[in-house]
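Colleague: I should be grateful for a close look at a single part of this model, namely the place where the two chains meet. Please set that part in its wider context afterwards.

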Amino acid sequence: MEPKLKHILVPVEGASTDHESVMLACGLAKKEKAEILLLYVIEVRRNLPIDAEMSEEIERGEVVLERVQRFADKIGCRVSTDLLQAREAGAAIVNEAVERDVQLIVMGVPYHEKFGEYCVEPRAQYVLEHAGCRVILAREPLPLGQAVANGR
Amino acid sequence: MLSDSDQPTPSEPQRGTKNGAGNYSSNGASPGINGNDAKELNLDLTRQEKRAGVRAGDTYVRVVRPHGHLFKKVAPGVLRVTEEAIEPQTPLLQLFAKVRRVMIGEPLPNAAEITERLTKVKALAIFASDAMSSVAYATEEILLVLTLAAASGGLEYSVPISMAIALLLGTVAFSYRQTVFAYPSGGGSYVVSKENLGVMPGLVAAAALLLDYVLTVAVSIAAGTAAITSAFSELQPYTVIIALAFITIMVIGNLRGIRESGNIFAVPTYIFIVALCMLIGVGVWRLFMGLPPVEAPAPHSGGGEPVTLWLLLTAFSAGSVAASGTEAIANGVPAFKPPESKNAAQTLVVMAVVLASFFLGISYLAHQYQVSPVEGETVVSQLARAVFGTNIFYYIIQFSTMLILILAANTSFNGFPRLAWILAQDGYLPHQFSHRGDRLAFSNGIVILGLMAGGLIVLFQGDTHLLIPLYAVGVFLAFTLSQIGMVMHWRKTREKGWKQNAAINAFGALLTLIALTIAATTKFTRGAWIIIVALPLLVGLFLLIFRHYKTVREQLRSTKQKASAAPLRQIIIVPVADLNLAAQRALDFARGLEEQVYAVHVTEDPELAKEFSQELYEYDPKVKLIVLESPFRAVVEPILRYIDALHQQDPDAFVTVILPEFLTAHWWQRLLHNGTAAQLNRALKPHPNVAVVNVPYVLEH
């Protein structure tokens with residue numbers, strides 16, 4: 001039997017995809033009366049301790065979370081926020097999903113090409129490979145020129 | 001997943017590095033004043049928790065912000081207060097806040113200031129409504145004077161006089177256009193006069209404008225109300241109430257913020273513009289087509305006075321009210337979207353062109369259709385009947401005229417608070433005027449303007465005829481000073497084309513001076529004297545306020561660069577009536593501040609005092625007690641006198657009186673107690689070397 005949807009994790013990073021993923025998560029959360037947790041991960045360089053004080057990055061994270069939270073408020077969705085420091089964002093998302101008993105991760109991903117081919121960015125790739133719960137990826141639409149070039 | 005027991009403990013912040021508040025942050029303890037272990041606090045209210053991931057060695061850190069909903073960290077040592085943090089705590093205040101939000105909207109942060117700026121379209125509606133409204137009565141004011149010489153052909157001069165006024169309007173607008181670029185932070189006549197002519201002329205201009213803004217609200221609201229009560233005569237007994245209701249609507253609308261008030265009040269202004277375009281357009285078309293008036297205006301009835309220069313000048317002065325309100329844009333430049341000066345200047349030009357066209361159009365049509373003032377019907381109404389007849393278009397013109405007359409007050413609701421803000425910044429008005437409310441509007445200025453205009457309405461029972469003579473003297477005084485100020489400005493700066501600009505301003509100054517002299521002379525006995533008396537009084541008040549702030553500044557100016565190395569010596573006194581939990585808490589608190597604590601006990605019964613003394617000794621033998629036997633049953637005065645006497649022994653020390661105070665669970669329970677702590681607090685407040693600390697003890701029931 002499917003576990004009841006109680007907690008949805010939405011990683012945000014100040015990208016254009018944030019609003020789309022929050023909107024998607026809000027739609028699902030309203031239906032299932034689930035709680036949404038917005039997550040911002042600061043990636044700490046290897047030459048710094050993991051708990052180094054990263055004032056500027058924390059400030060940026062706060063700004064991003066506040067902005068997305070305000071957007072969620074506007075579409076009638078109450079969310080809580082979380083700020084992490086980790087070596088890799090993907091691993092931190094998976095770990096936090098376990099810690100917070102999350103049943104669904106909704107991630108926005110940008111359109112990303114490598115060697116002329118579309119590829120999923122590493123953060124999303126990691127979450128897809130390692131998350132124990134369901135994962136929904138919301139890829140940003142292609143730029144118009146790109147869509148035409150791809151024959152779409 | 002780790003169990004609670006084997007999860008890593010919250011990590012200690014960076015050792016040896018400064019935390020956000022610039023303090024060395026650690027959860028360790030450091031010795032306090034009296035050897036107590038004082039915790040060093042984490043001022044930026046965040047802490048880090050190390051968490052173990054699913055995989056071995058997969059550690060990450062959670063930045064915990066338990067108060068993140070109240071304070072957001074924006075930089076090291078800087079927290080930004082959130083909207084939630086300003087929510088009131090008690091149910092009554094919460095209810096009040098809810099009502100306020102329904103009335104004036106959600107609070108806006110400072111960052112929203114730029115989004116509150118006005119587009120040119122809204123700014124024209126907000127800042128031009130006063131000037132536009134004068135179209136409704138300026139022509140009539142000229143004709144009223146010229147009618148005295150109707151039989152001698154006096155009415156023939158209405159169009160030339162209107163053209164002279166349009167020229168005056170153009171000159172004033174041109175002058176303010178220069179001001180907008182020269183003084184982009186706003187201020188209009190006050191700033192221009194103060195900077196170029198000196199403080200006194202500046203203050204005179206400011207006083208004149210402030211008075212005029214108040215009168216504009218009172219006159220326009222009274223005029224709008226009169227239009228309604230004329231249409232529905234059964235409402236006549238409620239004139240004052242209706243006028244006050246309009247002022248209240250204006251106040252609330254403006255407290256909602258400039259952008260929103262623009263949204264609310266823009267529509268009627270544009271309806272009026274369209275209606276007047278229709279009236280003038282169709283009127284002129286009918287003239288060119290040689291069509292007769294749909295409804296012929298009443299025939300001229302007037303006196304046979306000769307046409308003299310004085311009569312013409314009086315008519316010019318009466319019609320010059322059309323120029324009032326022109327300065328509002330120059331005052332409100334910062335309210336425009338960037339580029340502020342350019343947008344303000346363009347709006348000013350549009351306003352001047354529209355205003356001059358309407359004014360000239362109405363005067364021309366009135367002349368051509370041979371409309372003259374009659375009892376019970378305005379010139380615009382007669383013109384509308386002549387052009388359209390009594391049909392839907394007539395009613396649209398009448399209705400929009402009524403709305404614009406009321407909305408003229410809105411210009412003042414933007415001008416007055418802004419000018420008051422500038423004056424408050426300079427220290428000539430109370431600092432409360434520089435306070436911005438929830439919606440970034442200058443709330444205190446808006447409310448005070450509403451109250452003052454409401455007071456005038458009540459005083460004059462909403463009678464426009466009694467209020468109008470007070471009007472326009474101030475505005476021409478401000479115009480004249482501003483124009484002379486601009487002449488001085490050009491002389492000082494000597495920018496390219498300065499001679500030409502100075503000549504235009506000098507010409508404007510001459511015209512406005514003539515209008516001022518005539519207005520002051522002709523209206524003096526009809527009420528203008530009130531303004532002439534009020535002006536110096538207001539300037540005197542400005543100077544008094546300025547002197548107070550200056551004295552306070554001088555008294556508070558510190559010459560010390562660094563804090564004294566030795567802490568201030570304190571005498572700690574705890575007045576205690578009974579050794580209950582509240583008193584014990586206060587004594588414990590006092591011991592935390594200083595080793596030696598003096599307890600003062602006032603009694604009427606020496607035997608009970610002995611018992612108390614024993615009790616206190618058992619509780620804390622280090623506390624020194626003095627018992628004041630009070631055979632006259634007084635409590636507060638003996639304590640005050642004793643504190644004074646004790647202080648005389650060591651006058652350099654600072655006395656700290658610690659007052660035990662219990663807080664009742666309900667407000668009505670407070671009435672059952674004698675409130676000695678509150679009495680002592682009040683009595684000790686004026687003492688210069690005494691600090692009072694209330695140590696609360698909250699009762700549960």
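Modeller: In this predicted model, strand 3 of chain A pairs with strand 4 of chain B, residues 59-64, in the antiparallel sense over 3 bridges. One residue pair of this kind is A:Leu84 with its bridge partner B:Arg62, which belongs to strand 4 of chain B. The contact as a whole draws 20 residues from chain A and 24 residues from chain B. On the side of chain A that touches chain B, at least two residues each are supplied by helix 2 (55-74), strand 3 (79-86) and helix 3 (89-99). Helix 3 of chain A gives the largest share of that side, 6 residues. By character, the residues on this side of chain A are 10 nonpolar, 3 polar and 7 charged.

As for the wider context, chain B is assigned three domains: domain 1 (1-81), domain 2 (119-553) and domain 3 (570-698). Between domain 2 and domain 3 of chain B, the C-alpha centres are 63 Å apart.

Chain B also holds an open sheet of 5 strands, ordered 9-8-7-10-11, with parallel pairing. Its edges are strand 9 (624-629) and strand 11 (690-698) of chain B; each has a single partner strand, so one side of each has no neighbour in the sheet. From one strand to the next the twist averages 25°. Within this sheet, strand 7 (residues 570-575) and strand 8 (residues 597-603) of chain B are joined in the parallel sense by 4 bridges, and B:Pro575 has B:Val600 of strand 8 as its bridge partner.

Two helices of chain B lie across these strands. Helix 19 (residues 606-619) of chain B lies across strand 8 and strand 9, running at about 155° to strand 8. Helix 22 (residues 676-684) of chain B lies across strand 7, strand 10 (654-663) and strand 11, and runs at about 150° to strand 10.

A further element of chain B deserves mention, helix 12 (residues 379-388), which is mostly covered, with 10 of its 10 residues buried. Among them are the charged residue B:Arg385 and the nonpolar residues B:Leu383, B:Val387 and B:Phe388. After helix 12 of chain B comes B:Gly389, with a positive phi near 85°.

Key. Residues are numbered from 1 along each chain as its sequence is written. Chains are lettered from A and ligands numbered from 1 in the order in which they are written. This is a predicted model: local features need pLDDT of at least 70, side-chain atom pairs count only at pLDDT 80 or more; totals for chains, interfaces and linings use all residues. Domain bounds come from an automatic or database domain assignment. Two residues are in contact if their C-beta atoms, placed from the backbone, lie within 7 Å. Two strands pair if DSSP finds at least two bridges between them. Axes are lines fitted to C-alpha atoms, for helices over the stretch in contact, and angles run from 0 to 180 degrees between N-to-C directions. A residue is buried if 20 or more other C-beta atoms lie within 10 Å of its own, exposed if 12 or fewer, and partly exposed in between; C-beta atoms are placed from the backbone.
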